[in-house]
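I opened my notebook today to look up how the strands and the core of this protein are arranged. Here is what I wrote down as I went.

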Amino acid sequence: MAVGCGADSPDIFRPGGSAGHEIKTLSIQIFAILAVVLVVVWALLAFVIIKYRRRPEAEVSKTRGNLTIEIVWTLIPAVIITVLFVLTVQTTRQIAMPDPGAQFTTVGHQWWWEFAFPDQGFKTANEVYVAAGRPTSIDVESVDVIHSFWVPQMGGKVDMIPGRVNHIRFVPLKEGRYLGECSEFCGAQHGKMRFLFVVVSPEEYSAWVNDQAKPAAQPTGAEAVAGGALIKTIACGSCHTIRGTSLKGTFGPDLTHFGSRSGIAAYTLPNTPQNLLAWLQDPQAIKPECTMPTIPLPLREQQQLVAYLEELK
Ligand code: CUA
């Protein structure tokens, strides 16, 4: 799938994490074994079709009652299944990691992702950074329905279940920008519930955490200053938080560093002033049934809000 905001396509054959590598290896092993089975079955089938065609009906079933053959063709599939089973169990054990302690919690919402870093005191949405080479443990929750956390190139998926904390652990190995998605049908905009999973060096990761932990920047441009004053007077603060301002809502995504993100609307569109303006003007046109309402404002005020939000780097 083409992504406008620069994430790698979610190709499980180009893994970027430890579990992804193990799963790719297992997939190739299973594919190879089953390919051999397929070729052998086709070869035998072709042999039988060619050699035994035009025989009288009575001569067809020469194997009935042959105990040796019965045992052999029961054992062969049993052996194949056992090999597949052992390989799968081995992979599962390789993927399992000791608990390094969760770095952050991701919470599924209809239809966006919250990333909470309680130790560092910030929350962000739909875009999260991790350090390459560092064992990563993520706590996974949901506030409404069952979602499923999945970054295909990092490894497996894990269900996000209301009232329960699940975990996923892996080591991100290759720096890059990976697409994350929801892999459990969760309503009208399940397909537009995506996020950006960014693997960077440990130094870049520390810098990102430091930036995200800061309160929102003061606006500087004239339009942005006007937008910053305006946003406190309209309904945005009942759902959104901008740390360092009077906006303290928790129902929607935290917007403290909105301008630093690559995408908007749960990574549906690139984060550009044009797209943000279109989103503010009619969110339901972009994501029908999402909880973001249209707030009727004159165009000029919409543009001031856009200028302010884009300055929140
Ligand atoms: Cu959330 Cu599908």
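**The sheet, strand by strand**

I started with the strands of this predicted model and found an open sheet of five, in the order β3-β2-β1-β5-β8, with mixed pairing. At the edges I noted β3 (122–125) and β8 (166–170), each of which pairs on one side only. I also looked up the twist, which averages 25° from one strand to the next.

Next I followed the pairing from β1 through β2 to β3. Strand β1 (residues 104–109) and strand β2 (residues 112–117) run antiparallel and are joined by five bridges. β2 and β3 also run antiparallel, with four bridges between them.

Which residues stand across from Glu-114? I found Val-107 opposite Glu-114, and in β3 the bridge partner of Glu-114 is Ala-125.

**The hairpin and the edge strand**

The hairpin of β2 and β3 has four residues between the strands, and there I spotted Gly-121 with a positive phi near 75°. In β3, I saw Phe-122 and Thr-124 point one way while Lys-123 and Ala-125 point the other way. Are these residues of β3 buried or exposed? I checked, and all of them are buried.

**The nonpolar core**

Then I turned to the largest nonpolar core, which has 54 residues. Val-128, Tyr-178, Phe-195, Phe-197, Ala-266 and Leu-309 touch the most other members. Helix α7 (residues 299–310) gives this core its largest share, five residues.

I picked Leu-309 for a closer look. Leaving out residues up to four places away in sequence, Leu-309 touches Leu-255, Phe-258, Gly-259 and Leu-276. A reminder to myself: in soluble globular proteins, nonpolar side chains tend to be buried together.

Conventions:
Residues are numbered from 1 along each chain as its sequence is written. This is a predicted model: local features need pLDDT of at least 70, side-chain atom pairs count only at pLDDT 80 or more; totals for chains, interfaces and linings use all residues. Two strands pair if DSSP finds at least two bridges between them. Helices (H or I, at least four residues) and strands (E, at least two) are DSSP runs, numbered from the N terminus. Axes are lines fitted to C-alpha atoms, for helices over the stretch in contact, and angles run from 0 to 180 degrees between N-to-C directions. A nonpolar core is a set of buried Ala, Val, Leu, Ile, Met, Phe, Trp, Tyr and Cys residues joined through C-beta atoms within 7 Å. A residue is buried if 20 or more other C-beta atoms lie within 10 Å of its own, exposed if 12 or fewer, and partly exposed in between; C-beta atoms are placed from the backbone. Two residues are in contact if their C-beta atoms, placed from the backbone, lie within 7 Å.
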